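Hi everyone, thanks for coming. Let me put a structure on the screen, and then we can walk through it together.

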Amino acid sequence: LGRLQVDRPGQYVCLDTTRLDVFAMEPVTGGWLNCELTVAMDVYSRCILGLVLSPVSTDSHDVANVLYQTVSPQHWGPPEDLPGTSPGGAGSDAVLSGDTAGAVPDTIIIDHGSPFLSHHIDSVCRRLGISIQPAVPHKPTDKPWVERFFKTLREGLLERLPGYKGPDVASRGLKIEEQGFYYVDELEA
């Protein structure tokens, strides 16, 4: 799959999940949470078509939410970036949703995690006419586009946020629990 020949937007959309290296705060209990980010990336344009941040772990409903965002036009960003409301036009939509906004992908590339292989996702894809292409287990080079996005996200944004815990205990700062924090919805935004 790493050498996949892609001819047009929407032909292949890659879905994947990663655990974020940032603590989030649960607003009701005030407890620290790990979060997982699930994204859908168009392989042709490398645009992110949908994303959801799940507290603790991802389930099939989160993956279905990402698929819904993929097939329906989305607006991400402040309201002033809405098309027609400013001279800038599309604003953040141009970067995040590209030419495939609202188009049903031909094929989705998934890993072998249980949220992706669930009956729920299978039935959603069958209803929408989307083919499912599983990647080879434990081979991240089958989805290099989305793995590179996760690396860029971690190194370019997450490590600058308060509550950054690093990929392991050795890379953490001292007393990160005393630093500022984000709630889950703020971290997703």
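**Cores, sheet and cysteines**

Let's begin inside: the largest nonpolar core has 25 residues, and those touching the most other members are Leu20, Leu37, Val43, Leu53, Ile109, Leu158 and Leu187. By nonpolar core I mean a set of buried Ala, Val, Leu, Ile, Met, Phe, Trp, Tyr and Cys residues joined through side-chain atoms within 4.5 Å. Two or more residues of this core come from each of β1, β4, β5, α4 (144–156) and α5 (184–188). These elements are DSSP runs numbered from the N terminus, helices being H or I over at least four residues and strands E over at least two.

Before going on, please keep in mind that this is a predicted model, where local features need pLDDT of at least 70 and side-chain atom pairs count only at pLDDT 80 or more, while totals for chains, interfaces and linings use all residues. Residues are numbered from 1 along each chain as its sequence is written, and side-chain values use heavy atoms, with hydrogens and water left out.

Back to one core member. Which residues does Leu158 touch, leaving aside those up to four places away in sequence? They are Leu20, Asp21, Val22, Leu153 and Tyr164, where a contact means heavy atoms within 4.5 Å. There is also a second, separate core of 16 residues, with Ala40, Ala64, Ile110 and Ile121 among them.

Now the sheet. Five strands form an open sheet with mixed pairing, in the order β5-β4-β1-β6-β7. Its edge strands, β5 (48–55) and β7 (131–134), each pair on one side only. Two strands pair if DSSP finds at least two bridges between them. On average, neighbouring strands here are turned by 20° against each other, direction ignored.

Follow β1 (residues 12–19) and you meet both senses of pairing. With β6 (residues 107–110), β1 pairs in the parallel sense over three bridges; Cys14 stands opposite Ile109 there, and Val13 opposite Ile108. Helix α1 (residues 60–71) packs on the sheet, touching β1, β4 (35–42), β5 and β6, and its direction makes about 155° with that of β5. Such angles run from 0 to 180 degrees between N-to-C directions, using axes fitted to C-alpha atoms, for helices over the stretch in contact. With β4, β1 pairs in the antiparallel sense over seven bridges, and Thr18 stands opposite Leu37.

Last, the cysteines. How many disulfides does the structure hold? Zero, taking a disulfide as a pair of cysteine sulfur atoms within 2.5 Å. Cys35 counts as buried because its relative accessibility is 0%, and Cys47 is buried too, at 10%. Buried means under 20% relative accessible area, with a 1.4 Å probe and protein chains only.

How values were computed: Buried < 20%, exposed > 50% of the residue type's maximum accessible area, 1.4 Å probe, protein only.
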